[in-house]
Amino acid sequence: MSKAEIGLIGLGVMGSNLALNIAEKGYPVAVYNRTSTKTGQFFENAGTLRENIVPCSTLEELVAQIKPPRPIILMVQAGKAVDEQIAVLRDLLSEGDIIIDAGNANFRDTIRRFEELDDSGLTFIGMGVSGGEEGARHGPSIMVGGKEDAYRRVESVLTAIAARFEGEPCCAWLGEGGAGHFVKTIHNGIEYADMQMIAEIYGILRDGFGMSAPEIGAIFRRWNEGRLNSYLVEITAAVLDADDPISGKPVVDMILDRAGQKGTGRWAAIEAQMMGVPATAIESAVAARSLSAEKPLREAAASAYGSDDAPAATTPDARFIDDLELALFAGKIAAYAQGFAVMGEASSEFKWNLPMPTIARIWRAGCIIRSQFLGTLAQSFEADSAAENLLLIEDFVGMMREASPSLRKVVSHAALGGLPVPALSAALGYFEAIRQRRGTANLIQAQRDFFGAHGFERIDAAGEHHGPWNSGLGG
Ligand code: ATR
């Protein structure tokens, strides 16, 4: 007799934690992993949750163990593995069964998989899951894409395993097709920007003032009590405080300054570019990680140009610390404005009708970018859901008016001190440009017309015009 209500394939870090989460919430789950020793180990280590876990050594067994219509979560490595699993499952599953890809898929792959499964009788769901290992185990933020009725069929289990914010599950159906995986991608892009801007502020305190890791940690800890209250600021304080058991020094000082990336932040930047939406803070954060990885190049450039020796330790005055806090806040607002603008454009392009307040709400707990700020964002979006850009929502106009002068001060301070703040600078550049009534693209248009006769619009007459260029310099 079939015992399980749901299946899960792929017992890697995320998959095994999600399976334990499902079992703990009282849903019997059948599990399968390509390498069957992992399935055995997983079951062995599941403790009392074993009663809700059905380990399976073949996919046939897995399918037989789930009550139809069968929901099956795929938590295998994104890419080829997902296609391979779907191909095998197609032959084993029956009409109405639901394949849920919960990996970090590129949403364009998700859209393709929807099309490929269109006439199969199977239902496909593309689901973004954020929160890392801990989130998967105790409550992630879940972003669902697919047919709404398919979501309703699995809603109870998904909301049961999701994080909760003041009792409300951080799980929602966001739209058809690739909507869930797209929103997860932008979530990760914003996460990159948040992390990079935090690291830039850390850099100013470390390299501009010669402060120690625990001293900087104390500042972040204090900020975590205020407007910057967030998981990332909280863990930053904890990280800066931790000592390395081997050297006895702050562990952060022993970590090589070369960042990794799995690619989702890059996808966010690529999609923003493809849609023609400026997401410069996200792009800068992705680029900063790429440059960090080029350690030998940075060593060579440091030799060629000199890089700052550790400054004499000085304590920044309290007002400057406040400026740093506000600068980080202003940078955050600009980065979120960009991320939401990308989602706004994608929503029209892919006809998803993405519910922006809901997205902000399901990011309030469970995911890596969870923060007090997202609560404010959710409320503001509810009050003004038609706003074209976050920076035009009344509450944010007030916050940005207060915080942007500090962003200017901090970026100037860093620039004069030779310290890199690419994401904060990008955020500032975006803000300054977006509020410019008269920009400088008139000159760009003149240049384009000069060399390519592309034409321009005039401020005093309709239609396309050309300039009086006859210098012979055109190419
Ligand atoms: P995580 O980061 O969560 O640990 P991941 O690297 O995204 O995981 O995915 C790892 C999971 O995908 C593992 O369960 C892995 O199975 P194995 O334990 O057999 O390696 C699974 N996986 C990877 N490639 C696969 C494939 N081609 N077919 C089936 N499962 C695959």
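Reader: Where is Glu 166 found?

Author: Keep in mind that this is a predicted model. Glu 166 isn't a glycine, yet its phi is positive, at about 45°. Most residues other than glycine have a negative phi. As for its place in the chain, Glu 166 sits in the loop between strand S8 (164–165) and strand S9 (168–169).

Reader: Which residues does a cis peptide bond join, and what is omega there?

Author: Most peptide bonds are trans. The cis one here involves Pro 69, which lies in the loop between helix H3 (59–65) and strand S4 (71–74). Its partner in the bond is Pro 68, so to speak the other half of the Pro 68 and Pro 69 pair, and omega is about -5°.

Reader: On to the ligand. How many residues surround the ligand, and which are the closest?

Author: The ligand has 15 residues around it. Val 13 is among the closest, and a backbone N or O atom of Val 13 lies 2.8 Å from an oxygen atom of the ligand. The full set of closest residues is Val 13, Asn 33, Arg 34, Thr 35 and Lys 38.

Reader: Which residue has a side-chain N or O atom 3.0 Å from a nitrogen atom of the ligand?

Author: Leu 11 isn't the one to pick, since a backbone N or O atom of Leu 11 lies 3.3 Å from an oxygen atom of the ligand. The ligand nitrogen is instead 3.0 Å from an N or O atom in the side chain of Glu 84.

Reader: How are H4 and H5 oriented, roughly parallel or roughly antiparallel?

Author: Helix H4 (residues 80–92) and helix H5 (residues 107–117) have axes 12 Å apart and pack at an angle of about 15°. Angles under 35 degrees count as roughly parallel. That makes the H4 and H5 pair roughly parallel.

Reader: What classes of residue make up the contact of H4 with H5?

Author: H4 passes H5 in a right-handed crossing. H4 brings Val 82, Asp 83, Ile 86 and Arg 90, while H5 brings Arg 112, Arg 113, Glu 116 and Leu 117. Sorted by class, that contact has three nonpolar, no polar and five charged residues.

Reader: And H8 with H14: roughly parallel or roughly antiparallel?

Author: The axes of helix H8 (residues 179–208) and H14 come within 10 Å and cross at roughly 160°. Anything over 145 degrees counts as roughly antiparallel. H8 and H14 are therefore roughly antiparallel.

Reader: How do the residues of the contact of H8 with H14 divide by class?

Author: The crossing of these two helices, H8 and H14, is right-handed. From H8 the contact includes Phe 182, Ile 186, Asp 194 and Met 197, and from H14 it includes Leu 324, Gly 331, Lys 332 and Tyr 336. The split is 19 nonpolar, two polar and two charged.

Reader: Which residues in H16 do the H14 residues meet, and how does that contact divide by class?

Author: Helix H14 (residues 318–349) and helix H16 (residues 372–383) have axes that come within 12 Å and cross at roughly 50°, so H14 and H16 are oblique to each other. Their crossing is right-handed. Phe 329, Lys 332, Ile 333, Tyr 336 and Phe 340 in H14 meet Phe 373, Leu 374, Leu 377 and Phe 381 in H16. By class, that gives eight nonpolar, no polar and one charged.

Technical notes. Residues are numbered from 1 along each chain as its sequence is written. This is a predicted model: local features need pLDDT of at least 70, side-chain atom pairs count only at pLDDT 80 or more; totals for chains, interfaces and linings use all residues. Side-chain values use heavy atoms; hydrogens and water are left out. Axes are lines fitted to C-alpha atoms, for helices over the stretch in contact, and angles run from 0 to 180 degrees between N-to-C directions. Helices (H or I, at least four residues) and strands (E, at least two) are DSSP runs, numbered from the N terminus. Angles under 35 degrees count as roughly parallel, over 145 as roughly antiparallel, 65 to 115 as roughly perpendicular and the rest as oblique. A crossing is left-handed if the near helix is turned anticlockwise from the far one by less than a right angle, and right-handed if clockwise. Contact means heavy atoms within 4.5 Å. Ala, Val, Leu, Ile, Met, Phe, Trp, Tyr, Cys and Pro count as nonpolar, Asp, Glu, Lys and Arg as charged, and the others, Gly among them, as polar. A residue is near a molecule or strand if one of its heavy atoms lies within 4 Å of it. A polar contact is a pair of N or O atoms within 3.5 Å; within protein, one must be able to donate a hydrogen and the other to accept it, and residues adjacent in sequence count only if both atoms are side-chain atoms.
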